[in-house]
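Hi,

Here is the structure I promised to send over. Have a look at it first, and then read on for my notes.

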Amino acid sequence: MDKFDRLSVFISLVLRHQPDAAGITLDEHGWADVEELIHGINCTGREINMTILEEIVRTDNKQRYSFNEDKRLIRANQGHSVLVDVELKEQAPPEFLYHGTADRFLKSIMAEGLRPMSRLYVHLAEDIETAVKVGRRHGRPVVLKVSSARMNREGIPFYLSENGVWLTKKVDAEYLEEMNG
Ligand code: HQG
């Protein structure tokens, strides 16, 4: 990991899970004050300024962060564990979505469905390849195919984050199918 990657990991911790870590707070929509964030990060001994922050936001491989229009505020687009409302857009999902997980979680998932665990939502991907990558973060990857359109027809809302991640509160086991190979 280079210096920017390490900073990005820290920013995602602060903006999604632990604003305290930089001595800041988020508003109800998940926004942090950019000046406070920069100051807070510098106070932890890390070095950042507006130019570096803009570069991190611009080049982030998953486009995890957004500025507001005048760039005085910044927030993570999804992935939070702290209770914020990032004004997600409800949207009808494609026929199927995919969730990557590790094989050791399968038994529990097939018994009780997908739960958001420490986050606010279950995260789903539009393509299998992305799901495999997400699963690999936890161990030997397994991909679950989610009957998202059917869930939606049955009244369960789906949201699409600014950076293209599909979110829903939970997925009952009846909508899940383990993919082979
Ligand atoms: C599993 C990354 C047992 C679930 C990624 C997952 C994603 C269960 C783990 C985003 C379960 C939670 C989120 C149940 C769910 N029993 N295990 N009933 N229900 N699980 O990290 O989806 O790089 O909170 O399968 O790309 O892995 O951070 O969620 O394995 O988009 O931007 O519990 O994080 O994005 O793990 O990843 P996580 P996730 P970033």
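Let me start with a question: is R64 buried or exposed? R64 is buried, because its relative accessible area is 17% and anything under 20% falls in that class. Before you go further, please keep in mind that this is a predicted model.

**Salt bridges**

R64 has a charged partner: it forms a salt bridge with D60, and the closest N and O atoms of the two are 3.0 Å apart. D60 counts as buried too, at 8% relative accessibility.

That pair is one of several, as the structure holds 10 salt bridges. Another one joins R75 to E87, with 2.7 Å between the closest N and O atoms. Here the pair links distant parts of the chain, since R75 sits in strand β3 and E87 in the loop between β3 and β4, 12 residues apart. The two ends are placed as follows: R75 is buried at 11% relative accessibility, whereas E87 is partly exposed at 43%.

Then there is R115, whose side chain meets that of D172 in a salt bridge of 3.9 Å, N to O. R115 lies in the loop between α4 (106-112) and β6 (122-124), and D172 in the loop between β9 (166-168) and β10 (176-178), so this salt bridge ties together parts that are 57 residues apart in sequence. R115 is partly exposed, with a relative accessible area of 30%, and D172 is partly exposed at 26%. K170 comes in here as well: salt bridges that share partners join R115, K170 and D172 into one network.

**A positive patch**

Which residues form the positive surface patch? They are K62, K133, R136 and R137. K62 is found in the loop between α3 (50-59) and β2 (65-67). With a relative accessible area of 45%, K62 is partly exposed.

**Polar contacts**

I also went through some polar contacts. Q78, in the loop between β3 (73-76) and β4 (89-90), has its side chain joined to that of H123 by a polar contact of 3.0 Å. Q78 is buried, with a relative accessible area of 5%.

T130 is a residue of helix α5 (residues 128-136). Its side chain and that of D127 are joined by a polar contact of 2.8 Å. T130 is partly exposed, at a relative accessible area of 34%. If you want a distance to check in your viewer, try T130 and L13: they are 117 residues apart along the chain, and their C-alpha atoms are separated by 21 Å.

N163 is the next one to look at, in the loop between β8 (159-160) and β9. A polar atom of the N163 side chain lies 3.5 Å from the backbone oxygen of Q63. N163 is buried, with a relative accessible area of 17%.

**Backbone angles**

Finally, a couple of phi values. Where is K71 found? K71 is in the loop between β2 and β3, and its phi is near 60 degrees, a positive value in a residue other than glycine. K71 is partly exposed, with a relative accessible area of 37%.

M117 also has a positive phi, about 55 degrees, although it is not a glycine. M117 is placed in the loop between α4 and β6, which is where R115 lies as well. Is M117 buried or exposed? M117 is exposed, because its relative accessible area is 71% and the cut-off for that class is over 50%.

That's my list. Happy to go through any of it with you.

Cheers

Notes
Residues numbered from 1 in each chain as written. Predicted model: local features only at pLDDT ≥ 70, side-chain atom pairs only at ≥ 80, totals over all residues. Heavy atoms only, no water. Patch = residues over 30% accessible without salt bridge, like charges linked within 9 Å, V, L, I, M, F, W, Y side chains within 5 Å. Areas by Shrake-Rupley, 256 points an atom, 1.4 Å probe, with all protein chains shown as cover. Salt bridge = Lys/Arg side-chain N within 4 Å of Asp/Glu carboxyl O. Lys, Arg positive; Asp, Glu negative; His and termini not counted. Charge placed at Lys NZ, Arg CZ, Asp CG, Glu CD. Helix = DSSP H or I, 4+ residues; strand = E, 2+ residues; numbered from the N terminus. Buried < 20%, exposed > 50% of the residue type's maximum accessible area, 1.4 Å probe, protein only. Polar contact = N/O pair within 3.5 Å; in protein donor to acceptor, adjacent residues only side chain to side chain.
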